Amino acid sequence: KDGVAPTQTSGTHINPTSSTDSVRLGVRTIEDTQWFYGQMGLIKCFSRALSATEISQIWNTERHLFGV
């Protein structure tokens, strides 16, 4: 909402270069049947962790897409 990443309290991360797991958007787990029904903003995948500065730069460049 404001360009600040929320604190993640649970979940797992996968290494996209070595994992055989699939990335799923709109559902919590592979077994979950509770799909997200709604709209999502831009979704981007990066091959590395972004710095706070990079995240801010991306947010400031694209925030107009969300009316802010």
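Which side chains meet in a salt bridge at 2.4 Å, N to O? They are those of Lys44 and Glu62. This model is predicted, and that pair is a good place to enter it.

Start with the overall layout. The chain has 68 residues, and buried residues make up 7% of them. Its secondary structure comes to one helix and zero strands. The helix, H1, covers residues 52-62. The accessible surface of the chain is about 6,400 Å². Carbon and sulfur atoms account for 54% of that surface.

Now return to the opening pair. Side chains of opposite charge can pair when their charged atoms come close. Two salt bridges are present in the structure. One of them joins Lys44 to Glu62. This pair links distant parts of the chain. Lys44 lies in the segment before H1, while Glu62 sits in helix H1. The two residues are 18 apart in sequence.

Look at each partner in turn. Glu62 has a relative accessible area of 17%, under the 20% cut-off, so Glu62 counts as buried. Lys44 stands at 43%, between the 20% and 50% limits, so Lys44 counts as partly exposed. The bridge therefore joins a buried residue, Glu62, to a partly exposed one, Lys44. The side chains of Glu62 and Lys44 are also joined by a polar contact of 2.4 Å. What else does Glu62 touch, leaving aside its neighbours within four places in sequence? Its contacts are Leu42 and Lys44.

The other bridge to visit involves Arg48. Arg48 forms a salt bridge with Glu54. The closest N and O atoms of this pair are 2.7 Å apart. Glu54 is partly exposed, at a relative accessible area of 24%.

Next, the rings. How many aromatic pairs does the count come to? The count is one. It consists of Trp59 and Phe66, whose ring centres are 6.2 Å apart. Why is the pair stacked? The ring planes meet at 15°, and planes under 30 degrees apart count as stacked, so this pair qualifies. The partners can be set side by side by their cover. Trp59 is buried, with a relative accessible area of 18%. Phe66 is partly exposed, at 42% relative accessibility.

Helix H1 also holds Asn60. Is Asn60 buried or partly exposed? Its relative accessibility is 46%, which falls between 20% and 50%, so Asn60 counts as partly exposed. The side chain of Asn60 makes a polar contact of 3.4 Å with that of Arg63.

Finally, turn to the surface before the helix. Ile43 lies in the segment before H1. Ile43 is partly exposed, with a relative accessible area of 45%. Which residues join Ile43 in a nonpolar patch on the surface? They are Val23, Leu25, Phe36 and Met40. Together with Ile43, these residues have about 500 Å² of accessible area.

To retrace the route, go back to H1. Glu62 in the helix pairs with Lys44 in the segment before H1. Ile43 is in the segment before H1 as well, and Ile43 belongs to the nonpolar patch. Trp59 stacks with Phe66, and Asn60 contacts Arg63.

Definitions and conventions: Residues numbered from 1 in each chain as written. Predicted model: local features only at pLDDT ≥ 70, side-chain atom pairs only at ≥ 80, totals over all residues. Heavy atoms only, no water. Helix = DSSP H or I, 4+ residues; strand = E, 2+ residues; numbered from the N terminus. Polar contact = N/O pair within 3.5 Å; in protein donor to acceptor, adjacent residues only side chain to side chain. Contact = heavy atoms within 4.5 Å. Patch = residues over 30% accessible without salt bridge, like charges linked within 9 Å, V, L, I, M, F, W, Y side chains within 5 Å. Areas by Shrake-Rupley, 256 points an atom, 1.4 Å probe, with all protein chains shown as cover. Salt bridge = Lys/Arg side-chain N within 4 Å of Asp/Glu carboxyl O. Buried < 20%, exposed > 50% of the residue type's maximum accessible area, 1.4 Å probe, protein only. Phe/Tyr/Trp six-rings, centres within 6.5 Å; stacked < 30°, edge-to-face > 60°.
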